[in-house]
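Visitor: I would like a quick walk through this model. Please keep the answers short.

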Amino acid sequence: MTAIHPNQRVTVLADAQNLYHSAQSVYSRNIDYSSLLEKATQNRELTRAIAYVIRADSPDEDTFFDALVDIGFETKIKDLKTFGDGTKKADWDVGICIDAVTLASRADTIVLCTGDGDFARLATHLRHEGVRVEVMGFQESSAEELIEACDEFIDLSEREETFLL
């Protein structure tokens, strides 16, 4: 495992849907993205911070998207899709994976802010390529295979006063 040092180039990829649903289901609260980004960088060189969000036409979502930008995140927005049978779907799993693999050559560390086990294979691949992988998520809702696949797991539940609003 690569040690953390001040000259590390860090890319932060935040799965906003996963974080939102985890924080709501476990604590009925919202994420403090400013604290999340501060902890993710840990005084290292931030190369890029991307928050992957879903547009669901809910009240105040544009305010939320603007706040993310003000904090320092680039937002990537996907519209919620409604299918003929009424089911709704939107996720950024493939987009996050493609961005992580693409950005890996310009980062020493990639911080995945999610607990989604679908990213375990991505973490394994990035580590194989020599990139340090840190995961920030809630222990209660993070997949064990993702926790095992990363170099470091930062449990947001251990500091809920810091990471939750």
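Guide: This is a predicted model. One definition before we start: two strands pair if DSSP finds at least two bridges between them.

Visitor: How many bridges join strand E1 to strand E2?

Guide: Pairing needs at least two bridges. E1 covers residues 9–15 and E2 covers residues 45–55, and the two run parallel. Arg9 stands opposite Glu45 in E2. The number of bridges joining E1 to E2 is 7.

Visitor: Through which helix does the chain cross from E2 to E3?

Guide: E2 and strand E3 (residues 74–79) run parallel and are joined by 6 bridges. Ile50 stands opposite Glu74 in E3. The β-α-β crossover between these strands is right-handed, and its helix, residues 61–71, is H3.

Visitor: Which strand pairs with E6 over 5 bridges and makes a right-handed β-α-β unit with E6 and H5?

Guide: E1 is joined to E6 by 5 bridges and runs parallel to it, with Leu112 as the bridge partner of Leu13. The β-α-β unit, however, holds E6, H5 and another strand. In that strand, Val133 is the bridge partner of Ile110. It pairs with E6 in the parallel sense, and it is E7.

Visitor: How many of the residues of E6 are buried?

Guide: In a regular strand the side chains alternate between the two faces of the sheet. Thr109, Val111 and Cys113 point one way from E6, while Ile110 and Leu112 point the other way. Residues pointing either way are buried. The count for E6 is 5 of 5.

Visitor: Which residues on the other side of H5 are exposed?

Guide: Start with the buried ones: Ala120, Leu122, Ala123 and Leu126 in H5 (residues 120–128). They cover an arc of only 160° around the axis, so they lie on the same side of H5. Their cover includes helix H4, strand E6, strand E7 and helix H6. On the other side, exposed means over 50% relative accessible area, and the residues are Arg121 and His128.

Visitor: Which residue just after H5 takes a positive phi?

Guide: H5 spans residues 120–128. Just after H5, a phi of about 90° is found at Gly130.

Visitor: Which element gives the most residues to the lining of the largest pocket?

Guide: The largest pocket has a volume of about 450 Å³. Of its 21 lining residues, the closest to its centre are Gln17, Tyr20, Ser58, Glu61 and Phe64. The elements that give two or more residues to this lining are H1 (16–27), E2 and H3. With 6 residues, the element that gives the most is H1.

Methods: Residues are numbered from 1 along each chain as its sequence is written. This is a predicted model: local features need pLDDT of at least 70, side-chain atom pairs count only at pLDDT 80 or more; totals for chains, interfaces and linings use all residues. Side-chain values use heavy atoms; hydrogens and water are left out. Buried means under 20% relative accessible area, exposed over 50%, partly exposed in between (1.4 Å probe, protein chains only). Helices (H or I, at least four residues) and strands (E, at least two) are DSSP runs, numbered from the N terminus. The arc is that of the directions from the helix axis to the C-beta atoms. Contact means heavy atoms within 4.5 Å. A crossover is right-handed if, with the strands pointing away from the viewer, the path from the first strand over the helix to the second runs clockwise. On a 1 Å grid over the protein atoms alone, a cavity is a set of points where a 1.4 Å probe fits but cannot get out, and a pocket is an open set with protein on both sides within 12 Å along at least five of seven lines; lining residues have an atom within 4 Å of a point. Grid points are joined across faces, edges and corners, and a volume is the space filled by probe spheres set on the points.
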